[in-house]
Amino acid sequence: MTAVRRRPPRDARDPLRVLGLVIVAVVLPAALATIAGAILIPHNDDFAFRRVALTLYETGRLEFTGWSIMTLVGQVALTAPLLWLLQGSAWAFAISTAALTIIGVAAASHLGRRVLSPSRTTFAVLTVLFVPGFLRYTTTYMTDVPAWAVELLCLALGATALGQADARRRWRWLVASLVVGWWAFSIREFALAAPVAVVIATAASDPNGRRAPYVVAGAMVMAACGALYILTRAIPGQFENQIHVELAVAIDRVIGSIATLAFALIPPLILCLATWLPRWRRGVHPFDGPARRRALAGGLVGLVLCTGLFAGDLATLAREGPGGEIGTLIGTVFGWVGTPDAQVLAGARPALYPDGLWDALNVAALVAAFVAFAMLGAAIGAAGVSAVRALDPRRLDSPLGSVLGLLVTFSVLYGVGIAIFGVAVLTFDRYVWPLVLPLSVLLLWRPAQVVAAAEPVSPGETRHLPGLAGWLAGASLAGMGVLSLALLVNSLAFDAARWRIGEDEVGRGVPAAWIDAGFEWVGYHATGVADVSKPFPDGATRYTRLWSSYRQCVVVSSSRLTWPGLELAATRPEAYRRLLFVGARTRLYVYRSTDPGCPP
C-alpha cells in the first residue's frame with residue numbers, strides 16, 4: 001500500500017462539520033433569499049429550465065425552450081415529483097437544488113476525509129462554497145450546482161470502491177458510482193469526466209491486475225451516455241448553436257478560465273506552498289528522494305509556459321498598470337457589477353465592487369495563475385520518472401489507483417473537456433466550479449511523513465512558515481467569503497426589486513409577456529421557442545427579441561434610457577439597497593411605450 005492511499009482516521013465531529021458546511025451552503029442563502037423575496041424568482045438561465053419542468057408537469061410533454069444546450073433531463077426528472085407534491089409551486093425548484101447541494105457537500109467532505117485531516121477537509125469544502133457566486137446558485141434552478149453535486153457523489157462512491165478488498169463489494173460500489181455518473185451526465189454533459197475517471201482509477205487499482213471488466217464497464221457507460229445524448233438532442237426545442245464565436249476570443253476565454261480557477265484556489269495554494277517549498281528546498285520527495293534541482297527546473301518551465309499563455313495580459317499590465325482593465329477574470333457569475341455580470345436589465349447597472357478593488361482582484365488572479373503553474377511544474381519535476389511511471393496502467397501499485405489519482409484523473413479529463421468545449425462555445429467561470437474541490441484536496445494533501453510529523457523540520461520552519469501560511473490562507477479564505485457574501489446579497493436585492501416592479505405592472509393590467517423586467521422575466525413569461533439567431537435590435541435589449549410573444553410596452557431599467565417610443569413613467573428612487581440590508585439605495589426606472597396598442 002503506497003503513501004498516497006493513506007486514509008486519515010474518522011473523527012467523531014465529522015458530522016457536525018458537515019452540518020456546519022450545509023448551513024453555510026444552503027440554510028444561509030435560502031434564509032437570505034426568502035427575506036429578500038427572491039427565493040422563488042428565476043435567476044440567469046434557469047427560467048428556461050423551469051419552463052421545461054413546468055411544461056412537463058402541466059402537459060406531460062418534455063419540451064425545451066430554445067435556450068438550453070445540455071441534457072438537463074436528469075434534473076427535471078428529480079424535480080417532477082416535487083412539482084406534483086407541491087402542485088406546481090416554484091418551491092420545488094429551490095428545494096431540489098438545495099437537496100442536491102446537501103448531497104454535494106456531504107460527498108465533498110467524504111472525498112476530502114479520505115486523504116485530509118478534518119480541518120483541511122473543511123477548508124477545502126469552504127474553498128468551493130466561497131467561490132464568489134456559488135452560494136447564489138444553491139437555491140436557483142441553474143444546472144451548475146446540481147451537476148457539481150452529482151459529479152462529486154459519483155467520485156465519492158468511486159473512492160469508496162477503491163478501498164474495498166472484497167471483489168463483490170468493490171463492484172457494487174463501482175456500479176453505483178457509474179449509475180450516478182450517468183445521472184450527472186443527464187444534467188450536464190461536462191459530468192462525463194466523473195464516471196470515466198472512476199473507471200480508470202478502479203482499473204488501475206484492481207488487486208488482480210484485471211483490466212477487461214473495467215473496459216466493458218467503461219464502454220457501457222459511454223454507450224448509455226451516448227444514447228441519452230441522442231435522445232435529448234431529439235427533444236423539441238433543443239438549442240441549436242447558431243452563435244458564431246471568434247476563435248481568438250474563445251481561446252482567450254479558455255486561457256482566462258485558468259486564471260479564474262487559480263484565483264478561486266488562492267487559499268489552498270498558500271497552504272500548498274507552505275507544505276512543499278521546504279521539502280523541495282531540502283531535496284526530499286516521497287517518490288524519488290533528492291529532487292531540489294528538478295523541482296527548480298520544473299518550476300521555471302511552468303513560469304515560462306504561463307508567461308506565454310498570459311502574454312497579452314502581462315503586456316497590458318506593463319503598459320497601463322493595474323488599472324488597465326486586464327480582464328483576467330472571465331465572468332459571468334463573478335463580475336464587477338454583480339451576478340450575473342452580463343446585461344440582464346436595460347440600462348447601465350451600478351458597479352458592486354470599486355474599480356480599484358476589481359483591478360486588484362484581476363491582478364491577484366494573474367499572480368495566482370503563475371504560482372499554480374510554477375507549483376505544478378515543480379511537482380512534476382520533483383517526481384521525475386515517478387510521474388511517468390504513475391501513468392503506466394500495468395503497474396498494480398500505480399498512484400492512479402488511489403483517491404488522489406482519481407482526483408487527478410478527473411481534473412485532467414474535465415479540464416481538457418472544458419478547453420475543447422470552450423473553443424466552440426464561450427467559457428464562463430461557473431464551468432470550472434467542479435474543479436475547485438478536487439484541486440483543493442490535491443493542494444492541501446501532505447505526504448504521510450508530514451501528516452504524522454515524523455519528518456524532521458527546522459525550528460524556523462515550524463515556528464514561522466506554517467503559522468504565517470495558516471494566517472494568510474485563513475485571511476484569503478475569509479476575503480473570498482466576504483466577496484461571495486457581497487455578491488449573494490446584491491444579487492438577491494437586485495433580482496427581487498426588478499421582479500416586484502414587473503409584478504406591479506401586471507397588477508396594472510399589462511400582460512406579463514409585454515413587460516421587460518429583465519432577462520429572466522421575459523424568458524420565463526414568454527411562449528414558444530427562442531430564436532437565438534436573431535440580430536441585436538435597435539432600442540431594446542437583445543433578449544426581448546428572442547421570443548416572438550414579447551411586445552415592448554413596459555421597460556424597467558437600471559439607468560435613464562433614450563430609446564425611441566418610450567416615455568419615463570415612474571422612478572423608484574429606493575428600489576433596493578446595494579447590499580440588501582445596507583449600502584447605497586439604488587434607483588430603477590419604469591418606461592412605457594407610446595404605442596397605442598399598449599396599455600396606458
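1. Let's start with Val-18. Setting aside residues up to four places away in sequence, Val-18 touches Val-105, Ala-106 and Ser-109. Val-18 is found in helix H1, which covers residues 14-36. With a relative accessible area of 21%, Val-18 counts as partly exposed, because buried would need a value under 20%. There is also a long jump along the chain here: His-110 is 92 residues from Val-18 in sequence, yet their C-alpha atoms are 9.4 Å apart in space.

2. Before going further, a word on what you're looking at. This is a predicted model, and the protein chain averages a pLDDT of 88, with 89% of the residues scoring at least 70. Two stretches deserve caution. Over residues 1-6 the pLDDT is below 50, and this stretch has 18 contacts in the model beyond near neighbours in sequence. Residues 449-465 also have a pLDDT below 50, with 20 contacts counted in that way. I'd read those contacts with the scores in mind.

3. Now the overall picture. The protein chain has 21 helices and four strands. Of its 600 residues, 55% count as buried. Take the contacts with a separation of 6 or more: 76% of them are between residues 24 or more positions apart.

4. Back on H1, have a look at Leu-28, which sits in that helix. Is Leu-28 buried or exposed? Neither, quite: its relative accessibility is 36%, so Leu-28 counts as partly exposed. Leu-28 also has a partner from far along the chain, as Leu-485 is 457 residues away in sequence while the two C-alpha atoms are separated by 10.0 Å.

5. Helix H8 is worth some time, and its contact with H16 is a good place to begin. H8 spans residues 193-204 and H16 spans residues 403-424; they pack at an angle of about 140°, with axes 9 Å apart. The two helices are therefore oblique to each other, since roughly antiparallel would take an angle over 145 degrees. Their crossing is right-handed. On the H8 side the contact uses Ala-193, Ala-194, Val-196, Ala-197, Val-198, Ile-200 and Ala-201, and these meet Leu-406, Thr-409, Phe-410, Leu-413 and Tyr-414 of H16. What kinds of residues make up the contact of H8 with H16? Eleven are nonpolar, one is polar and none is charged.

6. H8 packs with H9 as well. H9 covers residues 212-233, and here the angle is about 175°, with axes 10 Å apart. That makes H8 roughly antiparallel to H9. From H8 come Pro-195, Val-196, Val-199, Thr-202 and Ala-203, while H9 supplies Tyr-214, Gly-218, Val-221 and Met-222. This contact of H8 with H9 divides into seven nonpolar residues, two polar and no charged. Val-196 is worth a second glance, as it appears in the contact with H16 and in the one with H9.

7. Next, the loop between H13 (311-320) and H14 (355-383), which is where Thr-328 has its place. Thr-328 has a relative accessible area of 1%, so it is buried. Leaving aside neighbours within four places in sequence, Thr-328 is in contact with Gly-256, Ala-259, Thr-260, Asp-313, Asn-362, Ala-365 and Leu-366.

8. Stay in that loop for some backbone details. A cis peptide bond joins Gly-331 and Thr-332, with omega at about 15°, and Thr-332 lies in the loop between H13 and H14. The bond from Thr-339 to Pro-340 is cis too, its omega being near -10°. Pro-340 also belongs to the loop between H13 and H14. If you check one thing by eye, I'd suggest the cis bond from Gly-331 to Thr-332.

9. Finally, two residues with positive phi. Asn-44 is not a glycine, yet its phi is near 55°. Asn-44 lies in the loop between H1 and H2 (46-59), and is buried, with a relative accessible area of 6%. Leu-72, also not a glycine, has a positive phi of about 70°. Its place is the loop between H2 and H3 (73-85). How accessible is Leu-72? Its relative accessible area is 0%, so Leu-72 is buried.

Notes:
Residues numbered from 1 in each chain as written. Predicted model: local features only at pLDDT ≥ 70, side-chain atom pairs only at ≥ 80, totals over all residues. Heavy atoms only, no water. Axes fitted to C-alpha atoms, helices over the stretch in contact; angles between N-to-C directions. Parallel < 35°, antiparallel > 145°, perpendicular 65-115°, else oblique. Left-handed = near helix turned anticlockwise from the far one by under 90°. Contact = heavy atoms within 4.5 Å. Nonpolar A, V, L, I, M, F, W, Y, C, P; charged D, E, K, R; others polar. pLDDT = per-residue confidence, 0-100. Buried < 20%, exposed > 50% of the residue type's maximum accessible area, 1.4 Å probe, protein only.
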